[in-house]
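Student: Before we look, I would like each label we use to be justified by the value behind it. Shall we take the labels in turn?

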Amino acid sequence: MTETPPGTGLVSLVSAGPGDPELLTLKAARRLAEAEVVLFDDLASGPVLDHANPDAELIAVGKRAGRPSARQEAVNRLILDHARSGRRVVRLKSGDAGIFGRLEEELVALAQAGIPFEIVPGVTSASAAAAAAGMPLTRRLTARRLQFVTGADVTGQLPQDVNWAALADPQATTAVFMGQRSFPALVAGLRAHGLPGDTPALFAEAVGHPGQRLEPTTIEALARRLEGVVPDQPALILYGPLALAEAGKQA
Ligand SMILES: C[S@@+](CC[C@H](N)C(=O)[O-])C[C@H]1O[C@@H](n2cnc3c(N)ncnc32)[C@H](O)[C@@H]1O
C-alpha cells in the first residue's frame, strides 16, 4: 500500500443522482458543502451544484456522449493535482457514480498515487426513471431479474459481444443506458432472439430535470421512432414485463 503524501486532500467520488437535488443523499450534500474543488460531469450539473460550498472552485469536466469532452486522462490528472494541493476534492458523477461512469479509471489513478478517497453511492437514473413513472423495476413472478446494460461501446455503436439470450429474456427488466442511437439495432437483435415486438418499453428522458418526459411504448414502436434521431437529452430506456399501466400519470 502506498503511503499518503503529507498535505494530500481527501477525494470524494460523489453520486449526484439524476438531476433533482432532492435525490442527492445527505452525505453527498454534505460533501458538496465541505468541498473546496468540485469537478463535475455535464450530467451532474444544474441545481445539484447549488449545494456546493459557495467558495468552492467548480470545474466542468463535461462528459457527454457524442459531444466534445475532457479526455479521461486529463480528468484523472486534474483530480490528482487538486488533491495534491491539499484541497478537499469532490468528483461529482451523474446518477450512481459506480454505474457506467468510468469510476474505475479514477479509482486506479487515485490508488496508484496513494491519495485517500471514498465513494458516496447514490440514486441511479434507472431507479429514478421507474419511480417517476410510478412503477417498480422488479415484479413478483414476471420480472425476476434486473439488468443494467450499455447501448454504446467506445465507438458509440451497440457492443458486438452482447449476451443476446440475457437481453431477450422475457422475465427480465432491462435498463439501457446510452442506448438511444443504437436502440433500433438492439431491437432487431432482440426480435431475432425471440422477444416479441410488443414487449413494453419506457423511454425516460431528462429524468429529474425540468424537461422530464416519460413515454410508455413498446420496443418495436420505440425502435421505429428512434431511427435516425440525433438525441439532445439524456434518456434511459427500460423494457421487459413493465407495470406500465400508470406510467406518466403520476403527479
Ligand atoms: C455515462 S451514463 C451515467 C449513468 C449514471 N451513472 C446513472 O447511474 O444514472 C449516462 C447515461 O445515463 C442515463 N442518464 C443519466 N442521467 C439521466 C437522466 N437524468 N435522465 C435519463 N437518463 C439519464 C442516460 O442513458 C445517459 O446516456
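Student: What makes a residue count as one of the 18 that surround the ligand?

Tutor: In this predicted model, a residue is counted if one of its heavy atoms lies within 4 Å of the ligand. The shell that results has 18 residues, and the closest are Ile99, Thr124, Ser125, Val207 and Ala235.

Student: Why is the approach of Asp96 to a nitrogen atom of the ligand called a polar contact?

Tutor: The label requires a pair of N or O atoms within 3.5 Å. A polar backbone atom of Asp96 is 2.9 Å from a nitrogen atom of the ligand, so the pair meets the cut-off. Val207 also offers a polar backbone atom, 2.8 Å from a nitrogen atom of the ligand, while a backbone N or O atom of Ala235 lies 2.7 Å from a ligand oxygen atom; both pairs therefore qualify by the 3.5 Å limit. As for cover, the ligand on its own has 570 Å² of accessible area, of which the protein covers 91%.

Student: How do you know which domains contribute to the shell around the ligand?

Tutor: The domain assignment gives domain 1 (11–120) and domain 2 (125–239), and the shell draws at least three residues from each of them. By residue class, the shell divides into twelve nonpolar, five polar and one charged.

Student: What is known of the contact between domain 1 and domain 2, and how far apart are their centres?

Tutor: Their centres, taken over C-alpha atoms, are separated by 27 Å, and the contact takes eleven residues from domain 1 and 14 residues from domain 2. The area buried between the two domains is about 890 Å², with 69% of this given by carbon and sulfur atoms. On the domain 1 side, Pro18, Ile99 and Phe100 supply 52% of the area buried against domain 2, more than any other three residues.

Student: How many salt bridges and polar contacts are counted between domain 1 and domain 2?

Tutor: The count is zero salt bridges, so no Lys or Arg side-chain nitrogen of one domain is counted within 4 Å of an Asp or Glu carboxyl oxygen of the other. Two residue pairs are in polar contact between the domains.

Key
Residues are numbered from 1 along each chain as its sequence is written. This is a predicted model: local features need pLDDT of at least 70, side-chain atom pairs count only at pLDDT 80 or more; totals for chains, interfaces and linings use all residues. Side-chain values use heavy atoms; hydrogens and water are left out. A polar contact is a pair of N or O atoms within 3.5 Å; within protein, one must be able to donate a hydrogen and the other to accept it, and residues adjacent in sequence count only if both atoms are side-chain atoms. Accessible areas come from the Shrake-Rupley method with a 1.4 Å probe; for residues, only the protein chains shown count as cover. Ala, Val, Leu, Ile, Met, Phe, Trp, Tyr, Cys and Pro count as nonpolar, Asp, Glu, Lys and Arg as charged, and the others, Gly among them, as polar. Domain bounds come from an automatic or database domain assignment. Contact means heavy atoms within 4.5 Å. Buried area is the accessible area (1.4 Å probe) that two parts lose on being put together, summed over both.
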